[in-house]
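User: I would like a close look at one part of this structure. Please explain each term as you go, since I am new to this.

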Amino acid sequence: MDSNLHSLSRQLIELRIEHADLDASIDRLADAVSRDELLLRRLKKRRLALRDEISRLERVLDPQEPA
């Protein structure tokens, strides 16, 4: 169980890094003179999927206790 939590924590860190990299890529692409709108939409969609996965892992690692 403990090693599973460790691997989930590691996966969460990797997802956060990938999300930050996508943020930077999206910012650079949005500022470019000749923007690739399709690529920009795909990157934003991937970033949203990463955000959802990060949220899911955060809930697994730190579940909310019932009130």
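Leaving aside its neighbours within four places in sequence, which residues is H19 in contact with?

Analyst: This is a predicted model, in which local features need pLDDT of at least 70 and side-chain atom pairs count only at pLDDT 80 or more, while totals for chains, interfaces and linings use all residues. Residues are numbered from 1 along each chain as its sequence is written, and side-chain values use heavy atoms, with hydrogens and water left out.

With neighbours up to four places away in sequence set aside, H19 is in contact with R47, L50, R51 and I54. Contact here means heavy atoms within 4.5 Å. H19 itself sits in helix α1. Helices (H or I, at least four residues) and strands (E, at least two) are DSSP runs, numbered from the N terminus. H19 has a relative accessible area of 14% and is therefore buried. The terms run as follows: buried is under 20% relative accessible area, exposed is over 50%, and partly exposed is in between, using a 1.4 Å probe and protein chains only.

To place H19, it helps to have the whole chain in view. The protein chain has two helices and zero strands. Its radius of gyration is 16 Å, well over the 11 Å that the globule rule gives for 67 residues, so the chain is more spread out than a compact globule. That radius is taken over C-alpha atoms, and the globule rule is 2.2 Å times the number of residues to the power 0.38. Along its principal axes, the C-alpha trace spans about 50 × 25 × 15 Å. Of the 67 residues, 18% count as buried. Among the contacts with a separation of 6 or more, 68% are between residues 24 or more positions apart.

Two of the contacts of H19, L50 and I54, also belong to the largest nonpolar core. A nonpolar core is a set of buried Ala, Val, Leu, Ile, Met, Phe, Trp, Tyr and Cys residues joined through side-chain atoms within 4.5 Å. The eleven residues of this core are L8, L12, L15, L22, I26, L29, L40, L43, L50, I54 and L57. The elements giving two or more residues to it are α1 (2–31) and α2 (37–61). Helix α1 supplies the largest share, six residues. In soluble globular proteins, nonpolar side chains tend to be buried together.

Now the second helix. With its 25 residues, α2 reaches 36 Å from its first C-alpha to its last, close to the 36 Å expected at 1.5 Å a residue. The expected span is 1.5 Å times one less than the number of residues. At the N-terminal end, D36 caps α2, with a side-chain oxygen 3.3 Å from the backbone nitrogen of L38. The buried residues of α2 include L40, L43, L50, I54 and L57.

L43 is one residue of α2 to look at more closely. L43 counts as buried because its relative accessibility is 18%. Beyond four places in sequence, L43 touches L22, S25, I26 and L29. L43 and S25 are 18 residues apart along the chain, and their C-alpha atoms are 8.2 Å apart.

Charged pairs complete the picture. The structure holds seven salt bridges, each being a side-chain nitrogen of Lys or Arg within 4 Å of a carboxyl oxygen of Asp or Glu. One of them joins E18 and R46, with the closest N and O atoms 3.0 Å apart. E18 is in helix α1 and R46 in helix α2, so this pair ties together parts 28 residues apart in sequence. E18 is partly exposed at 31% relative accessible area, and R46 is partly exposed at 38%.

Within α2, R56 and E53 form a salt bridge with the closest N and O atoms 2.7 Å apart. Because R56 and E53 are three residues apart in the helix, about one helical turn separates them. R56 is partly exposed, with a relative accessible area of 36%, and E53 also counts as partly exposed, at 25%. Elsewhere, salt bridges that share partners join R16, R51 and E58 into one network. In the bridge between E58 and R51, the closest N and O atoms are 3.8 Å apart. E58 is partly exposed at 28%, and R51 is partly exposed at 34%. R51 is also one of the residues in contact with H19.

Notes
Polar contact = N/O pair within 3.5 Å; in protein donor to acceptor, adjacent residues only side chain to side chain.
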